[in-house]
Amino acid sequence: MVEENKANDYLCEKDGRDHGHTPEGATWGTLLEELKPRGDIGGSELQQAIGDRSGLIVNNDPSHLPSMLFDEHNVELFDNVHPINWVDPENDQGKYDMLVIGGGAGGLVTAAGSVGVGARVCLIERNFLGGDCLNTGCVPSKAFLKCANVVHGARTAEQYGIEITGEIKVNFKTIMERMRKIRAHISENDSAKRFSTTLGVDMYMGNAKFTGANTVEVNGKTLTFNKACIATGGRPNIPDLEGIQTVPYHTSDNIFNITTQPKSIAVIGSGPIGAELGQAFQRLGTKVTFVCRGSKFLPKEDRDAAQLLTD
Ligand SMILES: Cc1cc2nc3c(=O)[nH]c(=O)nc-3n(C[C@H](O)[C@H](O)[C@H](O)COP(=O)(O)OP(=O)(O)OC[C@H]3O[C@@H](n4cnc5c(N)ncnc54)[C@H](O)[C@@H]3O)c2cc1C
């Protein structure tokens with residue numbers, strides 16, 4: 001039995017149960033192959049094309065299809081954090097000790113920690129495992145910031161006794177591709193496969209809905225639990241500004257999809273996320289204007305630190 005289980009990658013190494021799996025050979029890469037001849041990899045039309053193929057996603061709500069660019073790096077990312085045609089586990093063992101809704105940083109840590117102390121755990125994610133942090137937050141932003149730092153270092157190198165001759169050019173497309181590559185590489189840690197196979201968490205990919213005090217419904221199945229953790233995160237707040245719906249705008253959810261450097265951008269909000277993105281774009285050569293509600297930039301930070309950045 002153990003040998004048999006070892007032969008199947010998707011069976012949990014710990015207990016031999018199937019905690020959810022991708023059908024053998026299923027990968028978003030098949031879709032990439034299909035799209036390649038169109039020559040629009042990285043173009044905005046591509047996202048529409050993925051939307052048309054909602055039939056490929058069996059368990060999941062089609063409104064939560066990957067809305068990112070489709071290239072080899074994002075195929076790796078999607079295969080890890082939003083596997084195509086994911087098959088939920090057969091829950092034949094009754095109540096979960098811990099049911100976690102949301103597979104972002106909070107949910108993943110809760111699931112891994114609970115399983116680590118011996119609990120029967122399930123995790124439900126409707127979109128991308130890794131949530132904001134991996135997909136649209138900490139990871140892509142820090143990879144992006146690094147490039148801005150490097151170019152700033154190169155431009156100010158003389159102060160450090162280093163002479164750089166010739167023009168310092170920014171290749172924005174490469175910067176964004178590097179970010180996608182790093183994100184894809186890191187995504188294995190948050191992958192459905194790792195959580196199901198290695199950690200033994202029952203992984204459900206779908207929209208969770210409470211149906212009772214101790215029941216949650218996902219993909220037509222009812223799961224019961226002793227304890228539940230709601231780790232459903234947040235989403236960007238679109239300010240109620242007159243005319244905003246008539247202009248194209250980005251939020252942190254999709255800014256890391258762009259492949260062409262904007263000549264200029266206005267950043268609404270002067271908290272840490274806006275500040276770091278704005279500074280990075282500015283250093284890379286985009287003209288950045290901050291729009292702040294109050295009179296202070298980075299209003300919630302220590303004034304001396306915030307003043308440094310303001311200056
Ligand atoms: C640009 C940017 C940079 C950042 N940089 C940093 C940083 O450097 N350091 C730092 O500490 N923080 C940073 N953050 C903040 C950090 O990313 C978030 O605080 C953190 O990711 C929140 O994690 P979470 O698990 O609470 O929620 P999320 O990551 O939002 O995860 C919630 C998950 O729940 C899922 N979900 C929601 N409803 C349901 C449902 N009904 N059924 C199933 N699933 C559901 C969602 O799909 C999502 O995947 C940054 C954020 C941004 C946007």
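Two strands count as a pair if DSSP finds at least two bridges between them. Keep that in mind as you open this predicted model, and let's go for a walk.

**Stop 1: strands 4 and 5**

Select residues 209-212, which is strand 4, along with strand 5. The two run antiparallel and are joined by 3 bridges. Now click on K209: which residue stands opposite in strand 5? That's E217. Follow the chain from one strand to the other and you'll find a hairpin, with 2 residues between strand 4 and strand 5.

Stay on strand 5 (residues 215-218) and show the side chains. V216 and V218 make up the covered face, while T215 and E217 are on the uncovered one.

**Stop 2: on to strand 6**

Next, add residues 221-230, which is strand 6. Strand 5 pairs with strand 6 too, again in the antiparallel sense, over 4 bridges. Look for E217 once more: on this side, E217 stands opposite T222.

**Stop 3: the turn at N219**

Zoom in on N219, which sits in the loop between strand 5 and strand 6. These two strands form a hairpin with 2 residues between them. What is special about the phi of N219? The value is positive, near 45°, in a residue other than glycine. To see why that's worth a click, remember that most residues other than glycine have a negative phi.

Is N219 buried or exposed? Somewhere in the middle: N219 has 17 C-beta neighbours inside 10 Å, so it counts as partly exposed. For that label, the count has to fall between the exposed limit of 12 or fewer and the buried limit of 20 or more. Before you leave, draw a distance from the C-alpha of N219 to the C-alpha of K209; the two are 10 residues apart along the chain and separated by 9.6 Å.

**Stop 4: another positive phi, N85**

Jump to N85, in the loop between helix 4 (72-81) and strand 1 (96-101). N85 is another residue other than glycine with a positive phi, here near 55°. With 16 other C-beta atoms within 10 Å, N85 is partly exposed.

**Stop 5: helix 7 and its partners**

Two packed helices are described by the angle between their axes and the distance between the axes. Try that on helix 7 (138-155) and helix 8 (residues 172-186). Their axes come within 9 Å and cross at roughly 140°, so helix 7 and helix 8 are oblique to each other. The crossing is right-handed.

Now swap helix 8 for helix 10 (residues 272-284). Helix 7 and helix 10 have axes 9 Å apart and pack at an angle of about 40°. This pair is therefore oblique as well, but the crossing of helix 7 and helix 10 is left-handed.

**Stop 6: around the ligand**

Finish by selecting the ligand and the 28 residues around it. Which of them come nearest? They are G102, G104, G131, G137 and G233. The elements giving two or more residues to this shell are helix 5 (105-116), strand 2 (121-125), helix 6 (131-135) and helix 7, which you've just visited. Color the shell by class and you'll get 15 polar, 9 nonpolar and 4 charged residues.

Conventions: Residues are numbered from 1 along each chain as its sequence is written. This is a predicted model: local features need pLDDT of at least 70, side-chain atom pairs count only at pLDDT 80 or more; totals for chains, interfaces and linings use all residues. A residue is near a molecule or strand if its C-beta atom, placed from the backbone, lies within 6 Å of it. Ala, Val, Leu, Ile, Met, Phe, Trp, Tyr, Cys and Pro count as nonpolar, Asp, Glu, Lys and Arg as charged, and the others, Gly among them, as polar. Axes are lines fitted to C-alpha atoms, for helices over the stretch in contact, and angles run from 0 to 180 degrees between N-to-C directions. Angles under 35 degrees count as roughly parallel, over 145 as roughly antiparallel, 65 to 115 as roughly perpendicular and the rest as oblique. A crossing is left-handed if the near helix is turned anticlockwise from the far one by less than a right angle, and right-handed if clockwise.
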